[in-house]
Amino acid sequence: MYPALKMGINWLLSDMDQNKDLFPEGYGIMEVYGLNAELIDVAVYTQQALKATASLATILGEPDTAERYQRLASQLAAKINESFWVEEEGSYADFYGTKAQAIGAAEGAIKQIGLKGADKLTQRDKELIGYYERLKQGFSAMPDGDRGWITNKNWVITTPMEVGIAPRSRAIQALDKIRHQNVGEYGPFLSAVDKQAMMTISTGVQAVSEGNYGRTDEALWYVDKIVQTFNRTLPGSISEMMPDYGCFAIAWTSYGIVLPLIQHVFGIRPDAMNKTVVFDPHLPSGWEDMSIEDLPVGTTQVSFSRARTRKGIEYGFDVKEDGWHLVLKGKDLPGAKYYLNGRPVSFTSSGIPMSGRKNNVLVVQ
């Protein structure tokens, strides 16, 4: 994969970044006419591509390449927060670009609605066309200059929170705004302007984002919205569009369930190359007991459980292979005593390190 990743980054930051501002140009994941600029989702996922490829370069013995990619990733994260954040809206922008591009995006939205044909436009369609016409007029009256523009209020404005590069204060402000203003029956609208369609990918991104900032109950609220659509069309599956249309089976429907549960609720963070797994669980309100079995990590499988018993809180760990290192992290409970396999241990900010295939940690308060 590594050569292909380097080719992809080269394409993004050379062919697709003509003005060399680190924001690739072109369309993103949103299929909207005229939304052809420097889009937030493309910028955010490019930043993640740089970060991931830097890690691979380190593993594969290319330290100079790793340093360059990591430097670019850090620069791009800072630029995203500088250029895409719109303070007066308390939100990230749909894209960064010129006034002409903003006007073009509004015109594209009008064109897309009009594809239905004049005789098939609903009252809601006419209202949306009016909205974008007014938006276009407002953009036309603004001074020239590149800036972040909010046009469609697409769900991808959450991507800085999805990958965790948004500062916490901004993230909480934006997440609260989406939850209170831009959410329908099954999660965030694909466009907070249209307020019509909802999709498992966008609801999943919202769940992952909430987990990234430690808001476990909020994350599980979105997970439950996806679960509510289970089995509606194809038995055993979840549809692409919520609750029951679009592709009747599509891989990303599991994203908003699997990642929030495994990465945040169970708090499992594997580093398979170094045969290390960190556990940093975050229990939703009302949860006490939970377990996961035979989770594939690298060449092995990991099982983890947490239960409140008469003794205290018990954590169980099981790894199928020798040579793996496990770490239990979390909040240090005041006055608590910790026991690893029956022996007293200290709890530090680095967590409780473990080795061997089976381990048990008891927390007594």
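A helix here is a DSSP run of H or I with at least four residues, and helices are numbered from the N terminus. By that rule, residues 123–140 are helix α5, where glutamate 127 and arginine 124 sit three residues apart, so about one helical turn separates them. The structure is a predicted model. The protein has 10 helices and 17 strands. The points below cover its overall build, a four-strand sheet, its salt bridges, a buried proline and a nonpolar surface patch.

**Overall build**
- The protein has 365 residues, and 47% of them are buried.
- Its C-alpha trace spans about 75 × 50 × 40 Å along the principal axes.
- The accessible surface is about 18100 Å². Carbon and sulfur atoms account for 54% of that surface.
- Take the contacts between residues at least 6 apart in sequence: 58% of these join residues at least 24 apart.

**The four-strand sheet**
- Four strands make an open sheet, in the order β8-β9-β13-β16, with mixed pairing. Strands β8 and β16 (352–355) are the edges, and each pairs on one side only. Neighbouring strands are turned against each other by 20° on average, with direction ignored.
- Strand β8 covers residues 268–271, and strand β9 covers residues 276–279. These two run antiparallel and are joined by four bridges.
- Aspartate 271 stands opposite threonine 276 of β9.
- The pair β8 and β9 is a hairpin, with four residues between the strands. Lysine 275 lies in the turn and has a positive phi of about 50°.
- At the β16 edge, strand β13 (residues 325–328) is the antiparallel partner, and four bridges join the two. One pairing across them sets leucine 326 against methionine 354 of β16.

**Salt bridges**
- The structure holds 14 salt bridges. Side chains of opposite charge can pair when their charged atoms come close.
- Lysine 6 bridges to glutamate 62, with the closest N and O atoms 3.5 Å apart. Lysine 6 is in helix α1 (residues 2–15) and glutamate 62 is in the loop between α2 and α3 (63–83), so this pair ties together parts 56 residues apart in sequence.
- Both ends of that bridge are partly exposed: lysine 6 has a relative accessible area of 27%, and glutamate 62 is at 27%.
- Glutamate 127 bridges to arginine 124 in α5, and their closest N and O atoms are 3.6 Å apart. That falls within the 4 Å cut-off, so the pair counts as a salt bridge. Glutamate 127 is partly exposed at 41% relative accessibility. Arginine 124 is also partly exposed, at 31%.
- Glutamate 288 bridges to arginine 306, with a closest N to O separation of 2.8 Å. Glutamate 288 sits in the loop between β9 and β10 (290–297), and arginine 306 in strand β11 (residues 300–308), so the pair links parts 18 residues apart in sequence.
- The two ends of this bridge fall into separate exposure classes. Glutamate 288 is partly exposed at 34% relative accessibility. Arginine 306 is buried at 8%.
- Asp176, Glu210 and Arg215 make up one network, joined by salt bridges that share partners.

**A buried proline in helix α10**
- Proline 260 lies in helix α10 (residues 255–265).
- Is proline 260 buried or exposed? Its relative accessibility is 5%, under the 20% limit, so proline 260 counts as buried.
- What does proline 260 contact, leaving aside neighbours within four places in sequence? The partners are Ala207, Val208, Val223, Tyr255 and Val265.
- Asparagine 212 is 48 residues from proline 260 along the chain, yet their C-alpha atoms are 8.7 Å apart.

**A nonpolar surface patch**
- Leu56, Ile59, Leu60 and Met273 form a nonpolar patch on the surface. Together they have about 380 Å² of accessible area.
- Leucine 56, a member of this patch, belongs to helix α2 (residues 40–59).
- Leucine 56 has a relative accessibility of 30%, which lies between the 20% and 50% limits, so leucine 56 counts as partly exposed.

Conventions
Residues are numbered from 1 along each chain as its sequence is written. This is a predicted model: local features need pLDDT of at least 70, side-chain atom pairs count only at pLDDT 80 or more; totals for chains, interfaces and linings use all residues. Side-chain values use heavy atoms; hydrogens and water are left out. Patches are made of residues with over 30% relative accessible area and no salt bridge: like charges are joined within 9 Å, nonpolar side chains (Val, Leu, Ile, Met, Phe, Trp, Tyr) within 5 Å. Accessible areas come from the Shrake-Rupley method with a 1.4 Å probe; for residues, only the protein chains shown count as cover. A salt bridge is a side-chain nitrogen of Lys or Arg within 4 Å of a carboxyl oxygen of Asp or Glu. Buried means under 20% relative accessible area, exposed over 50%, partly exposed in between (1.4 Å probe, protein chains only). Two strands pair if DSSP finds at least two bridges between them. Axes are lines fitted to C-alpha atoms, for helices over the stretch in contact, and angles run from 0 to 180 degrees between N-to-C directions. Contact means heavy atoms within 4.5 Å.
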